[in-house]
Amino acid sequence: QVQLVESGGGSVQTGGSLRLSCAASGYTGIMAWFRQPPGKGREWVATASGTGATNYAVSMEGRFTIPRDNAKNTLYLQMNSLKPEDTATYYCRAGPIRGSYYWGQGTQVTVSS
């Protein structure tokens, strides 16, 4: 079983930056970031493979990147040029691992105008 611990959320003004971290216990496979804005469903942000390939949702591409440090088993979400509509709870996910996915506890990001 993979355990994920997220950190780095907080409050920032429009145009600011934040970096979220997701530490995975002993896992360097496929990982992804999702977010859930207030009152809305969870949406995919980006995915990183174990070899470094990345994919981004269109609305985040160019502002968000997901660097990875496999030595630390950590995936990051670097968010730049933040907008109020980026306000959400951000989750990382590991998998699929033998058909299952594992989720972090979520971290809140609030962007004020």
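This is a short walk through the structure above, from its overall form to its core and a few of its strands.

Let's begin with the whole. What you see is a predicted model. The protein has twelve strands and zero helices, so that, given how strands are assigned along the chain, its pattern reads β-β-β-β-β-β-β-β-β-β-β-β. Taken along the principal axes, its C-alpha atoms fill a box of roughly 40 × 25 × 25 Å. Is the radius of gyration in agreement or at odds with that of a compact globule? For 113 residues, such a globule would have a value near 13 Å, and the protein has 13 Å, which agrees.

Next, look at how the chain packs. Of the 113 residues, 44% are buried. Among the contacts with a separation of 6 or more, 51% are between residues 24 or more positions apart. On the outside, the protein exposes about 5,700 Å², with carbon and sulfur atoms supplying 48% of that area.

Now step inside. In soluble globular proteins, nonpolar side chains tend to be buried together. Here, the largest nonpolar core has 30 residues, and Trp-33, Leu-77, Met-79 and Tyr-90 are those with the most contacts inside it. At least two residues of this core come from each of strand 3 (18-24), strand 4 (31-36), strand 5 (43-48), strand 9 (74-79), strand 10 (88-97) and strand 12 (107-112). Which strand gives the largest share? That is strand 10, with five residues.

Trp-33 is a good place to pause. You will find Trp-33 in strand 4, and with a relative accessible area of 0% this residue is buried. Leaving aside residues up to four places away in sequence, Trp-33 touches Leu-20, Ser-21 and Cys-22, then Trp-44, Val-45 and Ala-46, and also Ile-66, Leu-75, Tyr-76, Leu-77, Tyr-91 and Cys-92. Gly-9, by contrast, is 24 residues from Trp-33 along the chain, and the C-alpha atoms of the two are separated by 13 Å.

Two of the residues that Trp-33 touches, Cys-22 and Cys-92, lead us to the next feature. A disulfide is a covalent bond between the sulfur atoms of two cysteines. The structure holds one disulfide, formed by Cys-22 and Cys-92 with their sulfur atoms 2.0 Å apart. The link of Cys-22 and Cys-92 is right-handed, with 55° about the S-S bond. Because Cys-22 lies in strand 3 and Cys-92 in strand 10, the pair ties together parts that are 70 residues apart in sequence. Cys-22 counts as buried, at 0% relative accessibility, and Cys-92 is buried as well, with a relative accessible area of 0%.

Finally, turn to strand 12, which also supplies at least two residues of the core. How do the side chains along strand 12 point? They alternate: Thr-107, Val-109 and Val-111 point to one face and are buried, while Gln-108, Thr-110 and Ser-112 point to the other face and are not. Strand 12 also has neighbours to look for. Strand 2 (residues 10-13) runs parallel to strand 12 and is joined to it by four bridges, and here Gly-10 stands opposite Val-109. Strand 10 runs antiparallel to strand 12, with three bridges joining the two. In this pairing, Ala-88 has Val-109 as its bridge partner. Val-109 therefore makes a handy landmark, as its side chain points to the buried face of strand 12.

Definitions and conventions
Residues numbered from 1 in each chain as written. Predicted model: local features only at pLDDT ≥ 70, side-chain atom pairs only at ≥ 80, totals over all residues. Heavy atoms only, no water. Core = buried A, V, L, I, M, F, W, Y, C linked by side-chain atoms within 4.5 Å. Buried < 20%, exposed > 50% of the residue type's maximum accessible area, 1.4 Å probe, protein only. Contact = heavy atoms within 4.5 Å. Disulfide = S-S within 2.5 Å. Pairing = 2+ DSSP bridges. Rg over C-alpha atoms; globule rule 2.2 N^0.38 Å. Areas by Shrake-Rupley, 256 points an atom, 1.4 Å probe, with all protein chains shown as cover.
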